[in-house]
Amino acid sequence: MSTTDTSDVTTDITTDTSDVTSEATTETSDVAETITETAVTITIDGRSVAVPEGATIGAACNAAGVNTPTLCWAENLTPVNVCRVCVVELEGSRALVPSCSRIAEQGMVIHTDTERVRHSRRMVLEFLGSSVDLSQTSDLHHWMDIYDADCDRYSEDDHDAKRVDEPVKIQDELYIRDYSKCVLCYKCVEACGDDAQHTFAIAVSGRGFDARISTEFDASLPDSACVYCGNCVAVCPTGALQFKTEYDLRQAEQWRPEDQTVTRTVCSYCGVGCNLELHVQDERIVKVTSPSDHSVTSGHLCIKGRFGWQYVHG
Ligand code: SF4
Ligand code: SF4
Ligand code: FES
């Protein structure tokens, strides 16, 4: 009898404690949610969208299912606002605003498909398409079709609108630079600099039509500060920077992404634990990338993980 009583008491106490703990946890979690998930509500094309405080208009567009073109934006880089292909109309703002970087504020009213937005995006795409080779920038072709961009209308018989006319730089066996495809999006500069590698081997040199990405004093890559992490190649949206393996296959008209498999694994060179994506075509590794949303790498690797795979093929 006495044992049973004790057991009942214990059960009651345990139950009570558990209830108290559960209530406390719920309250704490509610507070945490209030602190970290304060929402701002904006209107996009007539629809009301709530996003966490600090989110960009571009993120709100995604949440609302509104596709927006981007070129210089990447989820693993700081926005630099240079391409302006993502602009949207913000009521009350004199100028169009870049959706990739402008933070959403409570009550904003955004229009993404007005004639002014379409005209601006079309102009940006036409300027880019008339001045550099976008043949390997497949995402933009989709948007060029949507906005009916005519990239030839700035070229005349006696006037070539090309911004950069220089041979492909092939200075090693790891990656090539073809600046006739460069849109000056700064992604490679950011990845080489304080967004990832902190090597600062490249920057924009020159002005206007002569502006181009360059190493210090235009030194060849092996003589420059480059450490061959390949992070610049991974973020380049146009093929201006390209792994040599991909470049060679393209030259031989054998680059077939549709026939490639991508296998995710963990780099075995050191203990950091970077995730690698091995792109394999015809049973050979053709390039190595890393997921940009991975907590360890944010898409960035070092030379060993990026290029140290040749031994696999003997
Ligand atoms: S080389 Fe590529 S990543 Fe660098 S600025 Fe040009 S297009 Fe952008
Ligand atoms: S990619 Fe470089 S840093 Fe990452 S695990 Fe491999 S060797 Fe280490
Ligand atoms: S993607 Fe927004 S300015 Fe380039």
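User: What is the strand order of the open sheet, and how is the pairing described?

Analyst: In this predicted model, five strands line up as β2-β1-β5-β3-β4, and their pairing is mixed. The sheet is open, with β2 (47-52) and β4 (97-98) as its edge strands.

User: What makes β2 and β4 edge strands?

Analyst: Each of them pairs on one side only.

User: How do you know that β1 and β2 pair?

Analyst: Two strands count as paired when DSSP finds at least two bridges between them. Strand β1 (residues 39-44) and β2 share six bridges, in the antiparallel sense, so they meet that cut-off. One of the partnerships joins V40 to V51 in β2.

User: Why is P222 called buried or exposed?

Analyst: Exposed means 12 or fewer other C-beta atoms inside 10 Å. P222 has 10 such neighbours, so it counts as exposed. Its place is the loop between β8 (212-215) and α6 (231-235).

User: Which residues does P222 contact, leaving aside neighbours within four places in sequence?

Analyst: They are Q171 and D172. D172 is 50 residues away from P222 along the chain, yet their C-alpha atoms are separated by 7.4 Å. Contact itself is judged on C-beta atoms, which must lie within 7 Å, so the C-alpha figure does not decide it.

User: And N67, why is that residue buried or exposed?

Analyst: N67 has 11 other C-beta atoms within 10 Å, and is therefore exposed. You will find N67 in the loop between α2 (57-63) and β3. From N67 to T112 it is 9.2 Å, C-alpha to C-alpha, although their positions lie 45 residues apart in sequence.

User: How does the span of helix α3 compare with what is expected?

Analyst: Helix α3 covers residues 115-131, which is 17 residues, and runs 24 Å from its first C-alpha to its last. The expected value at 1.5 Å a residue is 24 Å, and the helix comes close to that.

User: Which residues of α3 are buried, and what do they pack against?

Analyst: The buried ones are V117, R121, V124, L125, E126, L128, G129 and S131. They pack against β3 (87-90), β5 (109-111) and α4 (138-147). As background, an α-helix has 3.6 residues a turn, so residues three or four places apart point the same way.

User: Where does L125 belong in the nonpolar core?

Analyst: The largest nonpolar core has 56 residues, and L125 is among those with the most contacts inside it, together with A60, V183, C188, C232 and V235. Beyond four places in sequence, L125 touches V85, L140, W143, M144, Y147 and A149. Apart from this core lies another, of seven residues, including C229, V288, L301 and C302. In soluble globular proteins, nonpolar side chains tend to be buried together.

User: What surrounds ligand 1 and ligand 2?

Analyst: Ligand 1 has 13 residues around it, and C182, C185, C188, C236 and A240 come nearest. Around ligand 2 are C267, Y269, C270, V272, G273, C274, L301, C302, K304 and G305.

User: How do the residues of the two shells divide?

Analyst: For ligand 1 there are eleven nonpolar residues, one polar and one charged. For ligand 2 there are seven nonpolar, two polar and one charged. Gly counts as polar and Lys as charged, so G273 and G305 are the polar pair, while K304 is the charged residue.

Note on methods: Residues numbered from 1 in each chain as written. Chains lettered and ligands numbered in written order. Predicted model: local features only at pLDDT ≥ 70, side-chain atom pairs only at ≥ 80, totals over all residues. Near = placed C-beta within 6 Å. Core = buried A, V, L, I, M, F, W, Y, C linked by C-beta atoms within 7 Å. Buried ≥ 20, exposed ≤ 12 C-beta atoms within 10 Å, placed from the backbone. Contact = placed C-beta atoms within 7 Å. Helix = DSSP H or I, 4+ residues; strand = E, 2+ residues; numbered from the N terminus. Expected span 1.5 Å × (residues − 1).
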